[in-house]
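Please walk me through this structure, one region at a time. I would like to know what surrounds the residues in its interior.

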Amino acid sequence: MSAFKSDFLRIMSERGFIHQISDETGLDQLFAKETVSAYIGFDATAKSLHAGSLIQIMMLHWLQQTGHRPIALMGGGTSMIGDPSFKDEARKLLTPQDIDDNLAGIRRNFAPYLKFGSGAGDAIMVNNADWLMEINYVNFLRDVGRHFSVNRMLAFDSVKLRLDREQSLSFLEFNYMILQAYDFVELYKHFGCRLQMGGSDQWGNIVNGIDLGHRMEGVQLFAMTTPLLTTSSGAKMGKSASGAVWLDGDMLSPYEFWQYWRNTEDATSAAS
């Protein structure tokens, strides 16, 4: 779509934030006619978010600035597993205390960009541990698991690449995409959330949520992703990456930031 009618999508397009949208026309019309609640999930795998996450936070910022309601979903539950998307190996399992400590640090990253509260235009911060940790496994399999096709899940690039490389993918990790999809349904039921946003590596997980929402609630949900912030070598800048650039100023000094980019450039030049 060359021109969006809604302020939010127009600003996102002008700033180069849009990589994919599940239904451009439908989402643009939704934003133009009503206040939209949208969310982004942040797993607690470190004590701070990183430079790549700033793109996601700014999406929530502009969502609020254009009159809509942002939801920052803290992954207290999903962090117990860890997202396997495009990872070469399983994430290190965190203890509940590790996750609580990390969540405390991550919450501070949002303060400069979002206004939280109970007002109509205020952002909401919720924790998926509130529902995921209360799940009855057998009931969850019957009510939610039956809507997922293993054949389709195996076809997603985030899983397929791992298997093609003959790298182990545990049953624990395989369940991550189901839990993320279920988050979308829970946020729709409790907050009327219609849109999930995230980096382009989350596309498959988000689409699963759209499908689950249709099957369980008969509602049309939407997906929107951004390009990933990468180093000069093309690697994703993430919390688990070496030399991650943290949003918490106490975790990385300007000198360390400069050193990181210098080393990245040197390594790229050497490789070429």
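**A histidine and its surroundings**

Leaving aside neighbours within four places in sequence, His68 is in contact with Phe8, Phe31, Glu34, Thr35, Val36 and Leu63. The model in which these contacts occur is a predicted one. His68 sits in the loop between helix H3 (51–65) and strand S3 (69–75). Its relative accessibility is 7%, and because buried means under 20%, His68 counts as buried. One of its contact partners, Val36, also takes part through its backbone: a polar atom of the His68 side chain lies 2.9 Å from the backbone nitrogen of Val36.

The protein around this site contains 12 helices and six strands. Of its 272 residues, 49% are buried. Among contacts between residues at least 6 apart in sequence, 76% join residues at least 24 apart.

The aromatic residues give specific cases of contact between distant parts of the sequence. A pair of aromatic rings is described by the distance of the centres and the angle of the planes. The count of such pairs comes to five. In one of them, Tyr39 and Phe184 are arranged edge-to-face, at 5.5 Å centre to centre and with 70° between the planes. Tyr39 belongs to strand S2 (residues 37–43) and Phe184 to helix H10, so this pair ties together parts that are 145 residues apart in sequence. Tyr39 and Phe184 are both buried.

Strand S2 also supplies a ring to another pair. Phe42 and Phe110 are edge-to-face, with 5.1 Å between centres and 80° between the planes. Phe42 lies in strand S2, whereas Phe110 lies in the loop between helix H4 (96–108) and strand S4 (124–127), so the pair ties together parts 68 residues apart in sequence. Phe42 and Phe110 are likewise buried. Ring pairs link these two residues with Phe116 into a cluster.

Helix H10, which holds Phe184, is also part of what covers the buried residues of helix H11. The other elements in that cover include helix H7 (150–155), strand S5 (193–199) and strand S6 (222–226). The buried residues of H11 are Gly204, Asn205, Ile206, Val207, Asn208, Gly209, Ile210, Leu212 and Gly213. How does the span of H11 agree with its number of residues? H11 has 15 residues (203–217), and at 1.5 Å a residue these should span 21 Å; the end C-alpha atoms are 21 Å apart, which agrees. After H11 comes Gly218, whose phi is positive, near 65°.

A buried arginine is found in another helix. Arg162 is placed in helix H8 (residues 157–164). Its relative accessibility is 2%, so Arg162 counts as buried. Between Arg162 and Pro84 there are 8.9 Å in space, C-alpha to C-alpha, although the two are 78 residues apart in sequence.

The last feature is an open one. The second largest pocket has a volume of about 280 Å³. Its lining consists of Gly77, Ile81, Leu132, Met133, Ile135, Tyr137, Phe140, Phe171, Leu172, Asn175 and Leu179. Which elements give two or more residues to this lining? They are helix H6 (137–143) and helix H9 (171–174).

Technical notes
Residues numbered from 1 in each chain as written. Heavy atoms only, no water. Helix = DSSP H or I, 4+ residues; strand = E, 2+ residues; numbered from the N terminus. Expected span 1.5 Å × (residues − 1). Buried < 20%, exposed > 50% of the residue type's maximum accessible area, 1.4 Å probe, protein only. Contact = heavy atoms within 4.5 Å. Phe/Tyr/Trp six-rings, centres within 6.5 Å; stacked < 30°, edge-to-face > 60°. Polar contact = N/O pair within 3.5 Å; in protein donor to acceptor, adjacent residues only side chain to side chain. 1 Å grid on protein atoms, 1.4 Å probe; cavity = no way out; pocket = protein on both sides within 12 Å on 5 of 7 lines; lining within 4 Å. Points joined across faces, edges and corners; volume = space filled by probe spheres on them.
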